[in-house]
Amino acid sequence: ENHNYILWFGCWQMGWGSRFNSIVSGLILGLLTDRLFFFHDDTDRISSQFFDYRVPSNQFNKIFERLSHSSRIPRNNTSGTVDFTKELLTKSPEEIFGRFRVWNRTEVTEDYVAISLSRNPHLRERFVKLFPTSEAFGYVFRWFFQLKKEYRDKWRELEEENFDSTDFSVGIHFRNLKKKIMMWRTPDLPIQDYCYLAKSLALNSHASLSKIKFFLSADDQDSYKEATKCLEPYSVFHREFSEEKSVSGNVGGSEENALLDWLILSNRSEVICTTGSSFGYSASASTLLKPWYISLPKDRSISNPPFWQATYSEPCLFVCRILVGGRGPKAPILNEEELRIFKSDGNWVN
């Protein structure tokens, strides 16, 4: 009861990418500020079915109840009001947490906020000591999330059936952006763009035709059909498509099916992601791969080509463009000094 805590409330109605981003972000905040980290069952409701943890999430309610009713810690001695997209970039731990020993993070973030923490001048030195390459997600994820044996065996079986250690294999994550996802809608990405990049990577590998393999992960049957034809004459593998929806509303299979796709993506030689979806780039980040991105056609220019490779393995920060450039006629969220801090790490362009 004498230690400071972060009590992390999440939202279980997320895809795997957003779920992992949220939990890993909370863990990193705890590491950098010397606070114990616990997350609520709402965050844990899905992931605990498939993973064991180094930190027992099921202790959350007991700890919260004990701390809330402790004579030393008044029930209202909790805080959770912080703008994750901005304040974690500049504030000291004392400013973030104030006088509160129990910090109650009540609003979920689906973004990977460690990007801001890594640039925070009050936390930067400790961040670099913990993560000298600035790549935190993969190390924290692999330490914290321990895949249960049942699913580890299923994953291993799929790998052994379809790949071997000498293959050059490319994982491709398609997101069917023709459909409305949550509260936003974006234009679809041409399947041939993914195929052109995948074939270019295959040619550049200098591997023989028989040793080049592509793994596809998508949320609609048409993407599988079109991509398989487009990627001829190479070997293409994808798991059986299902119209079943996940808890986040994504079509393409159950939570288990989506997780197995995520794990297979993470174990490839190269990964190609869809801009705007955290599923592919969280998979690549878990094994420190630097993913390739397909950009939205409306955003393409000489300085923003159809595809590019990330400069490091960290998941991207969704709000980066809004922080730096604003949205439409609105000015950037960050002021001049905050922009300087955000851009102090060259990886911000990632």
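**Helix packing, nonpolar cores and buried residues**

In the predicted model, four residues of helix H10, namely Ile191, Gln192, Cys195 and Lys199, meet Ser223, Glu226, Ala227 and Cys230 of helix H11. H10 spans residues 191-205 and H11 residues 221-230. The axes of H10 and H11 lie 10 Å apart and form an angle of about 40°. An angle of about 40° is neither under 35 degrees nor within 65 to 115, and H10 and H11 are therefore oblique to each other. The crossing of H10 past H11 is right-handed.

The largest nonpolar core contains 60 residues, and the members that touch the most others in this core are Ile28 and Phe51. Helix H1, residues 16-33, gives the most to this core, contributing eight residues. Another core, of 25 residues, lies apart from the largest one; Cys195, Ala202, Ala218 and Ile294 are among its members. Cys195 is also one of the H10 residues that meet H11.

Beyond its neighbours within four places in sequence, Ile28 is in contact with Tyr112, Ala114, Leu117, Phe127, Ala136 and Val140. Leu27 lies in helix H1. Leu27 has a relative accessibility of 8% and therefore counts as buried, the limit being under 20%. With neighbours within four places in sequence again left aside, Leu27 is in contact with Phe37, Val140 and Phe144. Val140 thus appears among the contacts of Ile28 and among those of Leu27.

Leu27 and Trp8 are separated by 19 residues in sequence, and their C-alpha atoms are 9.3 Å apart in space. Trp8 belongs to strand E1, which covers residues 5-8. The side chains of E1 alternate: Tyr5 and Leu7 point one way, whereas Ile6 and Trp8 point the other way, and all are buried. E1 pairs with strand E2, residues 36-39, in the parallel sense over four bridges. Within E2, Phe39 is the bridge partner of Trp8.

A buried lysine was found in strand E8, which runs over residues 212-217 and holds Lys213. The relative accessibility of Lys213 is 16%, and Lys213 therefore counts as buried. Leaving out neighbours within four places in sequence, Lys213 is in contact with Asn162, Phe163, Asp167, Phe168, Ser169, Val170 and Ser235.

Terms used:
Residues are numbered from 1 along each chain as its sequence is written. This is a predicted model: local features need pLDDT of at least 70, side-chain atom pairs count only at pLDDT 80 or more; totals for chains, interfaces and linings use all residues. Side-chain values use heavy atoms; hydrogens and water are left out. A nonpolar core is a set of buried Ala, Val, Leu, Ile, Met, Phe, Trp, Tyr and Cys residues joined through side-chain atoms within 4.5 Å. Buried means under 20% relative accessible area, exposed over 50%, partly exposed in between (1.4 Å probe, protein chains only). Helices (H or I, at least four residues) and strands (E, at least two) are DSSP runs, numbered from the N terminus. Contact means heavy atoms within 4.5 Å. Two strands pair if DSSP finds at least two bridges between them. Axes are lines fitted to C-alpha atoms, for helices over the stretch in contact, and angles run from 0 to 180 degrees between N-to-C directions. Angles under 35 degrees count as roughly parallel, over 145 as roughly antiparallel, 65 to 115 as roughly perpendicular and the rest as oblique. A crossing is left-handed if the near helix is turned anticlockwise from the far one by less than a right angle, and right-handed if clockwise.
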